[in-house]
Amino acid sequence: MMNETSEHRAQPPAPLHNWLATRRANLRVLRSTSAFQIATKLWLGWVIIMILFQAAVWARLHVVGPDDAYGWTWEYSSTPPRVGLGLSHVRWDSYHYLRLAKMGYHGTQDAAFYPAYPVLMRYTALLFFKPVMPDVWAARDIEVFARAGFAVSIIASLAAVWSMFILYRDLLGSDDDAFRATFYSLIFPTAMFMTQVYTESLYLALATPALIFLLRRQWWACGVLTVLATLTRATGVLIVGAMALHWLLDWRAGKRPPWHTLIPMVLPVITWQIHVAMLAAIGLNMNVAQKNFGRVMFSPDNIQIVLNDIGYMITHEMGFVPIMEDIALPALALWGCWKARRRWPVLALYGVASLAVPFATGQLVSMNRYAVIVVPMYLALAIKGRNPMFDRLWTTISLLLLALYMVGFAHGYWSG
């Protein structure tokens, strides 16, 4: 009897025991031929193809700027873009992350960008690139930070692929559907940002497992990952809304989550407020920074700005395709959220919010890129993709648009 009692007391608490069991189950799934090896091979092939294709379009094509995608893009695309290992993947917003990795927060515009990605860039450069590039590091040249950012994006993209495969497998119930959804997410037209010095890979590597833990009701793990996602991109804090909805749905269903599970929902909000306060302490204001980029929440002028963009699309040949894609790709993502609203209402809410918030700033700019993180879209596409005709047609459309974006991005044209 004493031995049985001792063994019983030696067991970890139920929540910890359940968490450990889930972790072991996830590892078993990842190690299985149907998951880990397939997802890893898909990622490896995708990364190699993306890198080689981008290098090929730079070497093969001579695209002359400037780019008139929007009325303001010509001013920033008049000079030839940089080339070289790492620098070939630095365009547009990438330079803001390079500056933050190199110097930290100083300029007014810096406050529009979040710290997790540039911090990882800086420490990757310090720990891995400084020993092999001491002269470049001593000169604080942006090349070392460009290579570090490129490495962070590539490594994070692997974590994102693993997470997406697990999430889609949990929700769709089969390896085939999970593979298809993951494949669609990697060939989405603006998925090319996952291999650039941009935050897409890191954000998906944090937000996707946060959603997995949320759907499995592992509130604290979800909260911690949401904190990190919030420090990567503003949309991270929107996962809090998904957490609150899931908690309320459980409560209404009689499952009664413990009250302490509300605490993880507060952590990302507190983190965001701390970040804003730290910026204010050094004289920076996030709202002012966003305004400098033309983004103001719920401004009366926002409708006119959007109408001006649509008018530009109609009257300027070079603006038609990029602005149309800034409309069409988010519309596709919203369609996915609509299709998912009954089976996965929590994910649908998160997807809609992640598009509605940036659109509320009165800009079509970059909406194509924001669509790439909308998880329900790939679920809806994967279900449609069970039809071989749809699968072939969507794959063709998506790959052609992806190639178009990569050609433009490689040559310094506006891509999102």
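This is a short talk on the fold of one chain, followed by a few of its helices and loop residues.

Okay, hi everyone. Before anything else, keep in mind that what you're looking at is a predicted model.

Let's start with the whole chain. What kinds of secondary structure are in there, helices or strands? The count is 20 helices and 0 strands. The C-alpha trace spans about 80 × 55 × 45 Å along its principal axes. You might ask what radius of gyration a compact globule with 416 residues would have. The rule puts that near 22 Å, and the chain has 22 Å, so the two agree.

Now, who touches whom? Take the contacts with a separation of 6 or more: 73% of them are between residues 24 or more positions apart. As for burial, 50% of the 416 residues count as buried. The chain exposes about 19,900 Å², and 67% of that comes from carbon and sulfur atoms. On charge, there are 33 positive side chains and 22 negative ones, with the centres of the two sets 9 Å apart.

Right, let's zoom in on helix 11, residues 219-230. How far should its 12 residues span at 1.5 Å a residue? The expected figure is 16 Å, and the end C-alpha atoms are indeed 16 Å apart, which agrees. And is helix 11 enclosed or open? Well, 9 of its 12 residues are buried, so helix 11 is largely enclosed by the rest of the structure. Among the buried ones are Trp219, Cys222, Leu225 and Val227.

Compare that with helix 6, residues 116-129. Helix 6 has 14 residues and reaches 19 Å from first C-alpha to last, close to the 20 Å expected. Its buried residues include Tyr117, Met121, Thr124 and Phe129. Here's something handy for reading lists like that: an α-helix has 3.6 residues a turn, so residues three or four places apart point the same way.

Next, the loops on either side of helix 11. Just before helix 11, in the loop that follows helix 10, sits Arg217. Its phi is near 65°, a positive value in a residue that isn't glycine. Arg217 counts as partly exposed because its relative accessibility is 34%, between the 20% and 50% cut-offs.

On the other side, in the loop between helix 11 and helix 12, we find Thr235. Is Thr235 buried or exposed? Thr235 is buried, because its relative accessible area is 10% and the cut-off is under 20%. So which residues does Thr235 contact, leaving aside neighbours within four places in sequence? The answer is Tyr203, Tyr350, Ser354 and Ile373.

One loop further along, between helix 12 and helix 13, there's Arg256. Arg256 also has a positive phi, near 50°, and isn't glycine either. With 44% relative accessibility, Arg256 is partly exposed.

Last stop: Ala59, which lies in helix 3, residues 33-60. Ala59 has a relative accessible area of 67%, which is over 50%, so Ala59 counts as exposed. How far apart are Ala59 and Ser185 in space? C-alpha to C-alpha the distance is 27 Å, and in sequence they are 126 residues apart.

So, to wrap up: we've got a chain with 20 helices and 0 strands, a largely enclosed helix 11, and a buried Thr235 in the loop after that helix. Thanks, that's me done!

Note on methods. Residues numbered from 1 in each chain as written. Predicted model: local features only at pLDDT ≥ 70, side-chain atom pairs only at ≥ 80, totals over all residues. Heavy atoms only, no water. Helix = DSSP H or I, 4+ residues; strand = E, 2+ residues; numbered from the N terminus. Rg over C-alpha atoms; globule rule 2.2 N^0.38 Å. Buried < 20%, exposed > 50% of the residue type's maximum accessible area, 1.4 Å probe, protein only. Contact = heavy atoms within 4.5 Å. Areas by Shrake-Rupley, 256 points an atom, 1.4 Å probe, with all protein chains shown as cover. Lys, Arg positive; Asp, Glu negative; His and termini not counted. Charge placed at Lys NZ, Arg CZ, Asp CG, Glu CD. Expected span 1.5 Å × (residues − 1).
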